[in-house]
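Q: Please take a close look at side-chain bonding in this protein, starting with disulfides. Once that is clear, I'd like to hear about the surroundings too.

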Amino acid sequence: MEANQNKAEGFLKQGSILAAASILVRLIGMFYRIPLANIIGDAGNGIYSAAFEVYNILLIISSYGMPMAVSKMVSAKCTKKEYKGAYRVFRYSMVFSIFSGGLMALFVFFGAGWIERTFFSSFQGISIPLRVLAPTIFVVAVMGTLRGLFQGKNTMLPTAVSQILEQIVNAVVSIVAAYYLMSDHSASKNLSAWGAAGGTVGTLLGAASALLFLGMIYTLYRPVLRRQARRDRITPRESAADYYKLILWTVIPIILSQTVYQLSGIIDVTIFNFAMEARGVNATVISTLQGIYSTKYRLLVSVPIAVSTAIASSMIPSLVASVTTGDRRAIKDKVTMAVKFNMIIAFPSAVGLAILAQPIIRLLFPASDYVTGGMMLMTGSTCIIFYALSTVTSGVLQSIDRMNLPVIHSLISLAIHVVVVFTLLRFTGMGAYALVFGNVTYPLVVCFLNGRSVSRNLGFKQEVVKTFCVPFLSSVVMGILTFVVYELFFIVSHRIYVAIIPALVVAVASYFALVLKLQGLSRSELYEFPMGRKMSIVADKFHLLND
């Protein structure tokens, strides 16, 4: 039992590295988007966000699933000590990524005008940032395969460092490029589009920097891969066609699942445009509301959601190894730990963003409509919990070779999502809040269907009290204390930054104390968090740990 527990907790160490990097990346992204948003304005943000909806879905179709797919295949081969097979998987996956990424990049570059005319007539000039994003698709495709190789080898450090480097370069270049492009095209009728294009220049150069770093790491690691392959006498003889078939059967379900999710975003934008135009709303207002939804609400909720994505990525190679060896006990323990880890983060994040929604928007985006943005964040922060569950459970199903289930569940959820959003936009006056509501219902349906399938396929039920009840209760109490502290300090100081800092300190301290006092985490589980051992020293001083 203890050995299995150690196995279950081991992958969380790698997951914690990737989660910490992902949070840092999201924070950098959030903070650089503040000056960027202020430079290009809400209209520019709307164009920027719409361009990225297109970019993301085409990136997913071409290669976005490659890191997860490559890590799954490489891990399975390495577990069976088929190192030659693992190396071949990587090489053929790289060829696949170069071809698919290059093809899609050419389509976006030469088809940007057609995409704008056909789907985004309200976003005049969207073809400009799309053409800048086109080569980024090729760069990210190649980079994703390299990340998948390292993740399949159970090391998340190259991915983590490359993500941080990518975001730093992205942040600096985006701000500088947006400023100078808007200055150079100040007389253009597509001024907002040129500002958005500046942000996409940062995306391209950031990705190129990360690829260069990963290429250097691979060059150093390549002799090790070749030595392992030379010693391998186990890998069966298989043709290139066999490997491409394996790659396709692995990556297609992942791509389809991600495509369906991204389709929800692009469908939202399209429906919102048509519905608002039908109501007589002008293009600038539509673009502005879309900008607030995308660059305030979705940007902020993406920070804690990044943790669940990191845990899912780190869990897959470890879970695939357990599936390959038939260790069902280890499989169940790893799933239990992954879900619990995510809920410990997701509940307080959702409550905290809801309680401090308007102050956060006012502090980070002073030039924006903080009332609308704050209300969106307050009403839609629960999506964090459902995205955390749906992401991890999708990773579980993909790891246990139930690849088609996340796709089916995503399609069912998308169908419900489209009906809900269209109905709300057509028959109510909710406007952009209909998008927020849809952003909550989509992952809710997916996590329900995924959870049911995980229970059926693995024959177990997730522990409820410590996984869900303790984080929920602790978050509610934390939220009350945080609200009271913020209001008291704001009444006295009338300064948001003066009030929000002590409120955040109280939020972190109270949640930490409540979760431990209610025995939501054991000492060994606490160690799996970044700086967990240092936190345990603090916990011991206040007698919060019982074991």
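A: Happy to. A disulfide here is a pair of cysteine sulfur atoms within 2.5 Å. Such a link is a covalent bond between the sulfur atoms of two cysteines. Please keep in mind as we go that this is a predicted model.

With that cut-off in hand, take Cys469. Its sulfur is 16 Å from the closest cysteine sulfur, which belongs to Cys447, so the two are too far apart for a bond. Now stand at Cys447 and look for a partner there: the closest cysteine sulfur is in Cys383, at 11 Å, and that again is too far for a bond. The count of disulfides comes to zero. The surroundings of the two cysteines can be set side by side as well. Cys447 has a relative accessible area of 11% and is therefore buried, while Cys469, at 40%, is partly exposed.

Salt bridges are another matter, and the count for those is four. Among them is the pair Lys77 and Glu82, whose side chains meet with 3.5 Å between N and O. Buried means under 20% relative accessible area. Lys77 has a relative accessibility of 9%, so this lysine counts as buried. Glu82 also has a value of 9% and is therefore buried.

Another of the salt bridges joins Arg147 to Glu166, with the closest N and O atoms 3.1 Å apart. Arg147 sits in helix H4 (residues 127-152) and Glu166 in helix H5 (residues 157-184), so this bridge ties together parts that are 19 residues apart in sequence. Arg147 has 11% relative accessibility and so counts as buried. Glu166, at 18%, counts as buried too.

A further bridge links Arg329 and Asp333, where the closest N and O atoms are 3.7 Å apart. Both partners belong to helix H9 (residues 328-355), and they are four residues apart, about one turn of the helix. Here the two ends have their own settings: Arg329 counts as partly exposed at 39% relative accessibility, whereas Asp333 counts as buried at 8%.

Helix H9 comes up again when we turn to the largest pocket, which has a volume of about 1,400 Å³. There are 38 residues lining this pocket, and the closest to its centre are Ile23, Ile345, Pro348, Ser349 and Val508. The elements that each give two or more residues to the lining are helix H1 (2-64), helix H8 (283-325), H9, helix H10 (357-364), H15, H16 and helix H18 (532-541). The most comes from H16, with eight residues. In its chemistry, the lining divides into 35 nonpolar residues, three polar and no charged.

Helices H15 and H16 also bracket a spot worth a look in the backbone. His494 lies in the loop between H15 (465-493) and H16 (496-517). Its phi is positive, about 60 degrees, although His494 is not a glycine. At 54% relative accessibility, this histidine counts as exposed. Lys81 offers a companion case, with phi near 60 degrees, a positive value in a residue other than glycine. Lys81 is in the loop between helix H2 (66-79) and helix H3 (83-119), and with a relative accessible area of 49% it is partly exposed.

From that loop, move into helix H3, where you will find Phe107. Phe107 is partly exposed, with a relative accessible area of 38%. Apart from neighbours within four places in sequence, its contacts are Leu58, Ala112, Trp114 and Ile115. The C-alpha atoms of Phe107 and Ala134 are separated by 8.0 Å, and these residues are 27 apart along the chain.

Finally, try Thr200 in helix H6 (residues 191-231). Its relative accessibility is 0%, so Thr200 counts as buried. Which residues does Thr200 contact, leaving aside neighbours within four places in sequence? They are Tyr48, Phe52, Pro129, Val132 and Leu133.

To bring this back to your starting point: there are zero disulfides, while the salt bridges number four.

Conventions. Residues numbered from 1 in each chain as written. Predicted model: local features only at pLDDT ≥ 70, side-chain atom pairs only at ≥ 80, totals over all residues. Heavy atoms only, no water. Buried < 20%, exposed > 50% of the residue type's maximum accessible area, 1.4 Å probe, protein only. Contact = heavy atoms within 4.5 Å. 1 Å grid on protein atoms, 1.4 Å probe; cavity = no way out; pocket = protein on both sides within 12 Å on 5 of 7 lines; lining within 4 Å. Points joined across faces, edges and corners; volume = space filled by probe spheres on them. Nonpolar A, V, L, I, M, F, W, Y, C, P; charged D, E, K, R; others polar.
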